[in-house]
Amino acid sequence: MSVCLVEVSIHIQYLTMVYLWLFGSIYVHPLTALRDNALSADAIVIELEEAVMPPQKQAQQKLLIKGGKVVNDDLSVVADVYVEDGVVQQVGPNLNPEPSTGLIVLDATNKLVIPGGIDTHTHMEFPFMGSRSKDDFYTGTKAAIAGGTTMIIDFAIPQKGCSLTEAFDTWKSWADPKVCCDYSLHVAVTWWSNKVKEEMKHLVQNKGVNSFKMFMAYKDIYMVNDEELFAAFSCCKELGAVAQVHAENGELIAQGAKKMLAMGITGPEGHELCRPEEVEAEATQRAITIANAVNCPLYVVHVMSKSSAKVISNARREGKVVYGEPIAAGLGTDGTNYWNKDWAHAAAYVMGPPLRPDPSTPGFLMNLLANGDLSVTGTDNCTFDTCQKALGKDDFTKIPNGVNGVEDRMSVIWEKGVYSGKMDENRFVAVTSTNAAKIFNLYPRKGRIAVGSDADIVIWDPKATRTISAKTHHQANNFNIFEGMICHGVPVATVSRGKVVYEGGVFNVTAGEGKYISRPPFPPYVYKRVRQREQIKANENDPAVPNKAVPSGSNNQSTISFSRANMKQQ
């Protein structure tokens with residue numbers, strides 16, 4: 001060991017002894033200490049240890065979150081939360097866990113304690129349209145943590161004719177060494193054959209996949225036709241998986257793009273003009289119709305337009321099992337940016353489906369999210385920097401599609417939903433975490449603060465504000481589509497797997513510390529209604545099942561009539 005390291009080691013030991021003599025065994029987390037200008041010696045110890053010690057497996061922390069209001073989707077209550085071994089052990093008032101040795105205490109007085117966010121839709125380091133998205137699984141999940149998200153669900157997307165299993169293995173190999181928080185993977189079905197069907201079965205039974213995405217757009221790249229949709233939906237239903245769709249009419253988009261270019265429209269505005277919201281609404285209606293034909297639950301990703309949202313809302317009111325996912329971009333900004341005179345600014349907003357130029361669209365989507373017509377929120381985080389976007393400088397069809405959002409989703413939804421008065425704190429938890437956990441069969445392990453749940457927790461300050469900017473965000477991109485937005489509601493601390501990974505702007509993360517989370521098939525929240533309907537239908541068609549209806553004039557009916565008569569006399 002060098003003289004320098006020996007001196008540092010001695011200094012660490014000295015500071016540790018002084019710290020223990022002064023403060024005993026219970027200590028405040030060093031990030032809190034740094035923020036409060038207290039226990040600076042301990043903060044120095046931690047930093048020096050990380051600098052000179054070789055990487056080791058970190059011991060599980062014991063954590064007590066005191067004095068906050070615990071907010072779940074159905075209830076808010078002032079309570080302490082005690083965490084050990086990465087799991088919530090106690091929730092209640094005035095907790096005083098013993099023994100106190102090594103206990104970390106976070107003060108959440110006047111703040112909310114909420115389940116960590118679940119971003120249902122990301123594309124980290126995604127090879128797409130001649131480039132690769134800027135955020136990899138390290139920078140993307142690190143940014144997620146800073147924004148209060150503790151789990152992402154990314155997409156493994158094979159090329160046409162390629163193996164779904166190999167795509168899954170590839171994405172997992174990219175993610176496992178890098179993720180800073182837990183993650184899972186949807187898998188895309190981009191073509192159809194018996195091999196695809198068998199691979200879907202293998203992924204569900206052996207790899208923990210319970211959701212498959214079909215593209216109705218990106219003709220000749222990912223798009224599947226109606227016959228393939230029917231087959232894929234049927235397979236999802238049989239396996240107990242959630243069928244997802246990117247709902248746009250790919251044929252009409254292809255024709256519209258040719259028309260725009262022939263007219264000399266080559267800028268970002270052409271992207272929206274060739275994909276009007278009617279194209280999204282038609283595909284949404286078609287997907288719902290096909291899914292309903294095989295009684296398959298449907299999940300529509302990135303709902304971007306009023307028209308598509310209305311189709312989903314109407315279908316739900318007709319009793320169809322369908323879920324709509326608006327994204328942070330569609331809730332926080334709009335498509336008027338495509339007509340900005342600065343090409344780079346306009347191109348920054350290009351994504352598919354596009355943001356809509358009607359400026360009332362974000363508020364409309366938020367209203368539907370607040371009242372239950374739309375169910376969950378993702379981001380479709382797929383970042384490309386200005387140079388990458390410039391691949392389409394002379395042809396909008398070559399601009400890589402994608403925007404940011406994984407870091408800002410929670411704050412944008414709080415600002416546009418809760419702070420604006422459209423939804424309460426409980427609905428906020430539902431649409432940012434709990435409903436996703438229920439739909440993808442992660443609940444109550446994820447999406448809830450309760451005994452036995454994973455300790456993925458965010459301390460949220462509803463009174464704090466922050467201004468979103470590319471200068472201060474943690475994503476890899478050089479611009480931010482929410483630039484300048486002032487958000488009321490800020491995550492001040494994030495706990496992932498029982499460890500304080502972010503507090504007061506300071507990270508304590510390690511690449512690969514997050515884990516892949518398997519998701520069992522047949523999520524009850526989704527499939528309970530489907531199974532019950534099928535059981536009733538089977539009983540109706542089975543002559544061996546007796547009719548349970550009470551016949552007119554039976555003893556039961558007489559009893560009911562007698563009771564009513566007595567009630568009238570009283």
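Helix α6 (residues 194-206) and helix α7 run with their axes coming within 11 Å and crossing at roughly 30°, and α6 and α7 are therefore roughly parallel to each other. The model described here is a predicted one, and the protein it shows holds 19 helices and 21 strands. Of its 570 residues, 56% count as buried, and among contacts with a separation of 6 or more, 77% are accounted for by residues 24 or more positions apart.

**Helix α7 and its two partners**

- The crossing of α6 with α7 is right-handed, and the contact brings K197, M200, K201 and V204 of α6 against A232, C235, C236, E238 and L239 of α7.
- Sorted by class, the residues in the contact of α6 with α7 are six nonpolar, no polar and three charged.
- Helix α7 (residues 226-239) also packs with helix α10 (residues 277-293), here at an angle of about 45° and with the axes 9 Å apart, which makes α7 oblique to α10.
- The crossing of α7 and α10 is likewise right-handed.
- On the α7 side this second contact uses D226, L229, F230 and F233, which meet R286, A287, I290, A291 and A293 in α10; the residues of the contact divide into seven nonpolar, no polar and two charged.
- As general background to contact residues on a helix, an α-helix has 3.6 residues a turn, so residues three or four places apart point the same way.

**Aromatic pairs**

- The structure contains 18 aromatic pairs, and one of them, formed by Y218 and Y222, is edge-to-face, with 6.4 Å from centre to centre and 85° between the planes.
- Both Y218 and Y222 are buried, and ring pairs link these two tyrosines with F126, F128, W171, W174 and F215 into a cluster.
- Y323 and Y525 also form a pair, and because their ring centres are 6.1 Å apart with the planes at 25°, this pair is stacked.
- The pair of Y323 and Y525 links distant parts of the chain, since Y323 belongs to strand β17 (residues 322-324) and Y525 to helix α18 (residues 524-540), with these positions 202 residues apart.
- The two partners are classed separately by exposure: Y323 is buried, with a relative accessible area of 2%, whereas Y525, at 37% relative accessibility, counts as partly exposed.

**Helix α14 and its surroundings**

- In helix α14 (residues 361-371), the buried residues are T361, P362, L365, M366, L368, L369 and A370.
- These buried residues of α14 pack against several other helices, namely α11 (306-317), α12 (328-332), α16 (409-419) and α17 (425-439).
- Just after α14 comes G372, a residue that takes a positive phi of about 100°.

How values were computed. Residues are numbered from 1 along each chain as its sequence is written. This is a predicted model: local features need pLDDT of at least 70, side-chain atom pairs count only at pLDDT 80 or more; totals for chains, interfaces and linings use all residues. Side-chain values use heavy atoms; hydrogens and water are left out. Axes are lines fitted to C-alpha atoms, for helices over the stretch in contact, and angles run from 0 to 180 degrees between N-to-C directions. Helices (H or I, at least four residues) and strands (E, at least two) are DSSP runs, numbered from the N terminus. Angles under 35 degrees count as roughly parallel, over 145 as roughly antiparallel, 65 to 115 as roughly perpendicular and the rest as oblique. A crossing is left-handed if the near helix is turned anticlockwise from the far one by less than a right angle, and right-handed if clockwise. Contact means heavy atoms within 4.5 Å. Ala, Val, Leu, Ile, Met, Phe, Trp, Tyr, Cys and Pro count as nonpolar, Asp, Glu, Lys and Arg as charged, and the others, Gly among them, as polar. Rings of Phe, Tyr and Trp (its six-membered ring) pair if their centres lie within 6.5 Å; planes under 30 degrees apart count as stacked, over 60 as edge-to-face and the rest as tilted. Buried means under 20% relative accessible area, exposed over 50%, partly exposed in between (1.4 Å probe, protein chains only).
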